[in-house]
Amino acid sequence: MVWNIFKYGPNLKLVRLQVRLSWPLIKYGKKWSAVPVLKWIIYPFFKRPHNELTSIPIHVNVESPDSIALPMRLVERLVSEIDDIFLMDECHCAGVKNRKSSRLNIGCMAFGPSIARIHPSHGRKINTEEAVNHVRKAAAQGLVANIAHVWIDALAFQLTRFNRLLFMCLCDDDQCIYRTFMKRRGLSLDKTYKKLPGLSVQVDTSKCSNCQTCVETCFVSAVETKGKVAVIGDDCRGCGICVNRCPEGAISLTMENEEVMFQHLLDRIREMSNLPLKIEKRGKGVKSRFVASPEKKQQNET
Ligand code: SF4
Ligand code: SF4
């Protein structure tokens, strides 16, 4: 038993308890992150580079030549580049809100050598095929994949080597601790959640009926109405949630070609972490944060 404490982080029950206890702190930390004075106290907790997220809109059908939707194809390629994948049996965010939630069993996946420390009560190590099937199940429920490099995840599971760790969470807008409470975000939170480069979201104004659904549902308030049509602003993070919610089918998501998007995704991962990828063992280039251009270095530091 004592040996287990050194070998593994906390078990399922302990992590559930931690998440439940820390939930109000995170919730109000996010809500108050733009409030004068408080924002400077809260700022370090949500600051990059220890809080970084990027969405992959797996539930949106962006066509690719091999008939698999492009966002899903990117995820498939990404998980096939990773040796160590651990699937959690449950989503802790969903568990805090409602233990009967239909998506409780769509847990996060943790990537990287640190997964060896995750207590077996949380789930199990899986292969690429199982990971792809899990993401497909999430996409069918309309969830968005979030690639997350967030210190609180490493702390909750007591995972060392934070720089060689990433999570992929399958999130909605009602229960996810990453996505909720972002409308009143402060400066540090604003910088943590980035759109995947090469991806854009647009409104076909001839179809828009000004129903306001997208304005109300966008988790970062990136949509406004101009001249009785919706306009997507620069704050859009490309999560794609509004695409499927628009009753008129007026919102679409476009991406550059698969190879360009995949390179953007790998670059983004390198900005976030030093997760081992097979592509590097094969000698192909992925930009490293340690050899980043001066501009990228500056971005990482701000
Ligand atoms: S949800 Fe669609 S129809 Fe409604 S305002 Fe947004 S773009 Fe227009
Ligand atoms: S505008 Fe749509 S795609 Fe962009 S962040 Fe908001 S909900 Fe997501």
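**View 1. The largest nonpolar core, and who sits at its heart.** This core counts 78 residues, and I58, V75, A110, A145, L166 and M168 touch the most other members. Keep in mind that this is a predicted model. Domain 1 (2–195 + 256–301) and domain 2 (199–255) both give residues to the core, so it lies between them. Let's pick out A145: leaving aside residues up to four places away in sequence, A145 touches S55, I56, I58, V75, V135, A138, M168 and L170.

**View 2. Two domains and the place where they meet.** The protein chain splits into domain 1, made of 2–195 + 256–301, and domain 2, made of 199–255. Where they touch, domain 1 puts in 17 residues and domain 2 puts in 16. On the domain 1 side of that contact you'll find eight nonpolar, three polar and six charged residues. Between the C-alpha centres of domain 1 and domain 2 there are 25 Å.

**View 3. An open sheet of seven strands.** Read across the sheet, and the strands come in the order 4-2-3-6-5-1-7, with mixed pairing. At the edges sit strand 4 (123–125) and strand 7 (193–194), each pairing on one side only. Zoom in on strand 4 and its partner strand 2 (residues 85–88): the two run antiparallel and share three bridges. Here M88 stands opposite G123 of strand 4.

**View 4. What surrounds ligand 1.** There are 13 residues around ligand 1, and C208, C211, T213, C214 and C246 come nearest. Sorted by class, this shell holds eight nonpolar, four polar and one charged residues.

**View 5. What surrounds ligand 2.** Ligand 2 has 13 residues around it, the closest being C218, C236, R237, C239 and C242. Ten residues of this shell are nonpolar, two are polar and one is charged.

**View 6. Two loop residues with positive phi.** Most residues other than glycine have a negative phi. N210, which isn't glycine, has a positive phi near 60°. Look for N210 in the loop between strand 8 (199–203) and helix 9 (213–217). Is N210 buried or exposed? Something in between: N210 has 14 other C-beta atoms within 10 Å, so it is partly exposed. S221 is not glycine either, and its phi is positive too, near 55°. Its home is the loop between helix 9 and strand 9 (223–226). S221 counts as partly exposed because it has 15 C-beta neighbours inside 10 Å.

How values were computed: Residues are numbered from 1 along each chain as its sequence is written. Chains are lettered from A and ligands numbered from 1 in the order in which they are written. This is a predicted model: local features need pLDDT of at least 70, side-chain atom pairs count only at pLDDT 80 or more; totals for chains, interfaces and linings use all residues. A residue is near a molecule or strand if its C-beta atom, placed from the backbone, lies within 6 Å of it. Ala, Val, Leu, Ile, Met, Phe, Trp, Tyr, Cys and Pro count as nonpolar, Asp, Glu, Lys and Arg as charged, and the others, Gly among them, as polar. Domain bounds come from an automatic or database domain assignment. Two residues are in contact if their C-beta atoms, placed from the backbone, lie within 7 Å. A nonpolar core is a set of buried Ala, Val, Leu, Ile, Met, Phe, Trp, Tyr and Cys residues joined through C-beta atoms within 7 Å. A residue is buried if 20 or more other C-beta atoms lie within 10 Å of its own, exposed if 12 or fewer, and partly exposed in between; C-beta atoms are placed from the backbone. Two strands pair if DSSP finds at least two bridges between them. Helices (H or I, at least four residues) and strands (E, at least two) are DSSP runs, numbered from the N terminus.
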